[in-house]
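Subject: Structure for your review

Dear colleague,

I am passing on the structure below, followed by notes on what was found in it. Please read them alongside the sequence and the coordinates.

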Amino acid sequence: MKTAWHSLLLTLQFFTVVPIHKEFPLTKKSITGMFVFLPWIGAAMGLLGMCSMYALQTYSNSSPLLLAFVLVALFALFTGGLHLDGWIDMSDAFFSYRNVEKRLEILDDPRVGAFGVLSILFLVLGKLVIIHELFLQELMPVWAIVFIPFLTRCGMTFYFMSMKCSKEKGLAYFFKTHIVPKILTVCTFLSLCIAIGIAIFAGGQLAIPFVLVLVLVIGLIVFRQFTLKNFGGVSGDLLGAFIEGMEVLLWLTLLLCV
């Protein structure tokens, strides 16, 4: 129980802006547990967004554009922009058109280039427009606000486990060497099954949750090949980029399906 509590706090500490000012033992059990909890932290983020949307729609005359903006902003604030930073770094590195070694150097560079600025602009605007359309057409399923952040983090976990690290240093490499793949795979798969069941029950629709999972699997395979070819493996920035990119893809899929 103590290890599980430490794992939960580690998840909040590393992946959110929740102020956890305490050091915890970074053991194989606690780090594996941290990734087990990660999708549920995404669900908690979505639940916060869902409650905010309900409050705005009930107690104000908020426009669909404002609702979309608040939801996108809440997701970014909850993570402290961590994943957005990964998207920016990945874009700067990829569009440099250099070799793998140089791209990895650019990933480590804290400075932001023109390609990073352009890519984050298109990402955020794309997400905003898609979510705005869902609200505007009154097609936004409430359960999806919770399910999509959950699903992207499940996908990130499977992506992380299936990849080698692009460099033998940094947090991603440390975490990679301290997870227990079999336990993490089983726990994440069980979490996914539970979440799909809840989504089907909450939305009354059987097909859409499975379509979202299928699109995520296809996106994972494509992104995996993309990062192997262009970066030689996975890094912390690429994990963040995966979450942001897959989230936009899943919102778009939802818009096309509902």
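Leucine 121 lies in helix H6, residues 114-136, where helices are DSSP runs of H or I with at least four residues, numbered from the N terminus. At 47% relative accessibility this leucine is classed as partly exposed, because that class lies between buried (under 20%) and exposed (over 50%), with a 1.4 Å probe and protein chains only. Together with Phe115, Leu118, Phe122 and Leu125, Leu121 forms a nonpolar surface patch with about 520 Å² of accessible area. Such patches take residues with over 30% relative accessible area and no salt bridge, and nonpolar side chains (Val, Leu, Ile, Met, Phe, Trp, Tyr) are joined within 5 Å; a salt bridge is a side-chain nitrogen of Lys or Arg within 4 Å of a carboxyl oxygen of Asp or Glu. The areas come from the Shrake-Rupley method with a 1.4 Å probe.

This is a predicted model, in which local features need pLDDT of at least 70 and side-chain atom pairs count only at pLDDT 80 or more, whereas totals for chains, interfaces and linings use all residues. Residues are numbered from 1 along each chain as its sequence is written, and side-chain values use heavy atoms, with hydrogens and water left out.

Turning to the rings, the structure holds 17 aromatic pairs, that is, rings of Phe, Tyr and Trp (its six-membered ring) with centres within 6.5 Å, called stacked under 30 degrees between planes, edge-to-face over 60 and tilted for the rest. Phenylalanine 94 and tyrosine 97 make a tilted pair, since their centres are 6.3 Å apart and their planes stand at 50°. In the pair of phenylalanine 95 and tyrosine 97, the centres are 6.2 Å apart and the planes are at 80°, so the pair is edge-to-face. Tyrosine 97 is exposed at 58% relative accessibility, while phenylalanine 94 at 21% and phenylalanine 95 at 30% are partly exposed. One aromatic cluster includes these three residues and Phe115.

Helix H2, residues 28-59, has 32 residues and should span 46 Å at 1.5 Å a residue (times one less than the number of residues), which agrees with its end C-alpha atoms being 46 Å apart. H2 nevertheless bends by about 35° at leucine 38, with proline 39 following within four residues; the bend is the angle between axes fitted to the seven residues ending there and the seven starting there.

Best regards

Notes: Helices (H or I, at least four residues) and strands (E, at least two) are DSSP runs, numbered from the N terminus. Patches are made of residues with over 30% relative accessible area and no salt bridge: like charges are joined within 9 Å, nonpolar side chains (Val, Leu, Ile, Met, Phe, Trp, Tyr) within 5 Å.
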